[in-house]
Amino acid sequence: MFGIKADWSLEVFERYFTLDDYGAGGDVRWCSGCGDFAILNTVHRVLRDAQVAPEMSVAVSGIGCSSRMPHYMGTYGFHGLHGRALPVANGIKSRRPELDVWVATGDGDCFSIGAGPWLHTMHLNMDMVILVFDNGIYGLTKKQTSPTTQQGTKTNTHPKGAILPPLNPLTITLGVTNISFVAQVVDWNPPLLYETIKAAHQHRGTSFVRVLQRCPVFSEEFTKPLQDNPDKFILLEHEDGITIDDNVKRLFSNVIEHDPKDWLGAMKYARDQENIPLGILFKDPDAIVYEDHSSKGVGMTNEEKVAGLNAAFDKFQI
Amino acid sequence: MNDQVTLPLQTPQTIEEHIVEIVSDSGEGAQKCGQTFGSIGGKMGNGIWTVEIIPAEIQPPARTPAGGSGNRIRVGSKIMTNMGNEADLVVGFNEQVLYARIANGAYKDGTIVLLENKWASDPQEKIRNEYAFAVDEFRKNGLIVHELPLEEECLKIVSNARKGKNMFVLGMLCRIYNRDAQLGLNEIHNTFKHKGEKIIKPNQDLFTAGYEFAKNNLEHFYDIPPYEGADKDLERIIVTNGNTSLGLGVMAAGMEMISMYPITPATSASHYVADVFQDVGGFVHQAEDEIAAIGFAIGASYAGKTACTITSGPGMALKTEMIGLAVMSEVPLVIVDVQRGGPSTGLPTKVEQSDLLAALYGEPGDAPKIVIAAATIPECFEFVIMARKLAEEFRVPVILLTDANLATGVQPWLRPEVKEEWFSAPVDQSPWDKKVPAYDWDENTGLSPRPIPGQPDGMYVLTGLSHTERSKVSYNSETNQITSQHRSRKIAALQSTLKPPVIHGVDSQDDEGDLLVVAWGSTIGAIEEAVDNLKEEGHKIASLHLRFLSPLEPGLKDIFSRYKKVMTIEINYSDELGAPMITTENRRYAQLANVLRAQFVIDIDCWSVVYGHPLQPGLVTDELKKRLDAINA
């Protein structure tokens, strides 16, 4: 039987979820041509393929175009404060490790105002997927310089062009102790996007995925040259990373075998400004996962709690 | 004194209470000595109030006024509620550390000072001179100074008197106050039991030597009988400071998470809990900053595990945006603010009540929330349990205000009987009724149940943006008006369930009087003691201590109308009427006075100071007497 596993008939789903279960219904209000649509659709597909019950998944975001994503999900969602999605996501996971947590954030939300939580969240390494919708510009507030704006790009805050070269989110993330998953991908290659996000979702730990994302309104120059010239990319492939379909590979002239356990190699690719890496740069399944500690004691019975509290009082009895 | 012949054993003089201070350089153990002395008093059935004397630095230079570290213990034959006025007896490990206490007005004419005399023969001339000068000055100012060879006596037992002099002093104090020596020896055993007999023995020997030394060389001996009914309480008495009470409260409330960032004077609550939280299945998360700390707590609360964040003024400032989010999105949350002196970094280790207005109104936009204030150390415990329940019932953040005085004050209190009903219910994971929106506001009370992640069909996207009952973003003007009303209405709904406050110092709650003092927080003991003193003198004065600040407790308007004058007493800054530049049009009132004036539109006066230390009943009595005289003039 072609394409069907021999035991297929044994897989009985009590509830089977379709793509519609992961969408919120109604309009998705991003600009036409925005890369965010591709990311959203991919997340829906990954969830559908993993058959995660929608009520068990939470999409958390901060503020920005990217952070509208929870509103377009059929799961639980938390659309909070600018730069502060990650502490909230960590808190959700801390005592409810069974919840499936996604974070949608942007280059301003994560790398600028949320820079502190970004680094410390990577350090905590709680099991969640962080998708950074990086379009190299502030979109929602209408074209201000972000940390990843290309040097010289004219913005409303730097009309003569951004002064500094862009910050490199990959090397910064790779530099954090106890990280466990760093990947980079583009929004305009659906199979690659799917494989990368699926791998991020399957990984246990904080999966950091920087998605280079099109903003046709404010920063076309950020992604247009990359779309036009796939030779600027270097595609990282490995059996422990993602394996790439030949049809996809054909688009890229540079495909390299990179073992995601190789941190020094990952750093070398991350630093390379000429050949932009795509795929999984680093993966460490053995890093400490913070909720393994923070969720200890969940489900303790009231009898045990009464005993613990009484023992605490005993110590102060005179 | 060393050469004196052994005095005949004197009969101790029976007294109602004494205030004892032990002050040393940081690291000489005066705090341990003071805490143990307080604990022994508690075991003997005395009322106790202990205040830490803390230098701002970890290792301040030796022999400096700023470096004084130790304890003040008020011990008496009644339940103690505050630190009292000037000390009666002081043990100083050097003369310099006493200067800061003198500057604070801690001593009076007739305070007995037992002073280490080794500095009189110090190799450095400068130190010898400083010591001689100070002793002379102390005596001129009315202190009764006894110079004692503490170091010399300790060296007969141990080679390093710096470690252990505190236990010698403890022995002395136990003899002076006619304490049971065996209790002292037991305390020492318990303190050092994890270090073994090698440490226990010399410390017990030092204690016994101090006890004997006092017997043979001192002339002041006192007996402080237990308070009435103490024997009945003794089985149930526990001794903690307010921060430990808070910690116990978090555990008793069934909260599984404290998410915090280190800040003085709040942190010790989390230190305590971190040590024992696993015994009730909880976890202390130390976040990377104050904002992440509350964000993490909000995340846990959103996911159904109502959490707590504990901080102090500067941390509150950083948390404001998150508090606004919790109000707007109706996430239950307990925020404890252990107040210190402000603004900015202010006085980190000292007490103030300056965060009331920030707690009530700190967030941009209208952010109604519940604000309560603990007045006593047992309330630091009870109010956390209440705060969690209120947070969940009203789907709102609750700010619990305590302060540095409560945080570090040590007091005996009756151990509560643990009740399972204190704990939070397990997270509801049953299916949500799809027809019920995420914010099914009751149009009268503003209350609504909340769905929790994991509940099938309860899916909604929480947002800090203006939103409809289905939590859909809406910039519609009608939506914003009505949802603002719902959030506000919850506060009124809570008030409708509260009882009017109990007035202190009246025979009947309906009594009329000349002056009503309204206050809140840790000042209760000092104010009520002052009111009691003035009542005894025949004044028609009463006081009222608010625990709820948002909403205010009901019935205040009626109560206020029965007094000729109403005023607040607080420890936050206010302008004094009649001071240069200050007029009725620009006078800035104390914070509660501000709130009450605005709410009740009556001329409520205030008296407040920011000396950084707890109110003394004597100071309050003097001020109130002036006010009463003015009313009756």
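Which residues does A:V209 touch, not counting residues up to four places away in sequence? I found A:V129, A:I130, A:L131, A:V132, A:A183, A:V185, A:T196, A:I197 and A:A200; two residues are in contact if their C-beta atoms, placed from the backbone, lie within 7 Å.

I note that this is a predicted model, in which local features need pLDDT of at least 70 and side-chain atom pairs count only at pLDDT 80 or more, while totals for chains, interfaces and linings use all residues. Residues are numbered from 1 along each chain as its sequence is written, and chains are lettered from A and ligands numbered from 1 in the order in which they are written.

**Core.** I looked up the largest nonpolar core (buried Ala, Val, Leu, Ile, Met, Phe, Trp, Tyr and Cys residues joined through C-beta atoms within 7 Å; buried means 20 or more other C-beta atoms within 10 Å of a residue's own). This core has 198 residues, and A:V209 and B:L400 are among those with the most contacts inside it. Helix α14 (residues 377–394) of chain B gives the most to this core, 11 residues; helices are DSSP runs of H or I of at least four residues, strands runs of E of at least two.

**Chain A.** I counted 12 helices and 9 strands here. Of its 318 residues, 51% are buried.

**Interface.** I found 56 residues from chain B and 45 residues from chain A in the contact. On the chain B side, α11(B) supplies the largest share, 9 residues. Strand β2 (residues 76–79) of chain A and β17(B) pair in the parallel sense over 3 bridges, where pairing requires at least two DSSP bridges. The bridge partner of A:H79 in β17(B) is B:T463.

Notes: A residue is buried if 20 or more other C-beta atoms lie within 10 Å of its own, exposed if 12 or fewer, and partly exposed in between; C-beta atoms are placed from the backbone.
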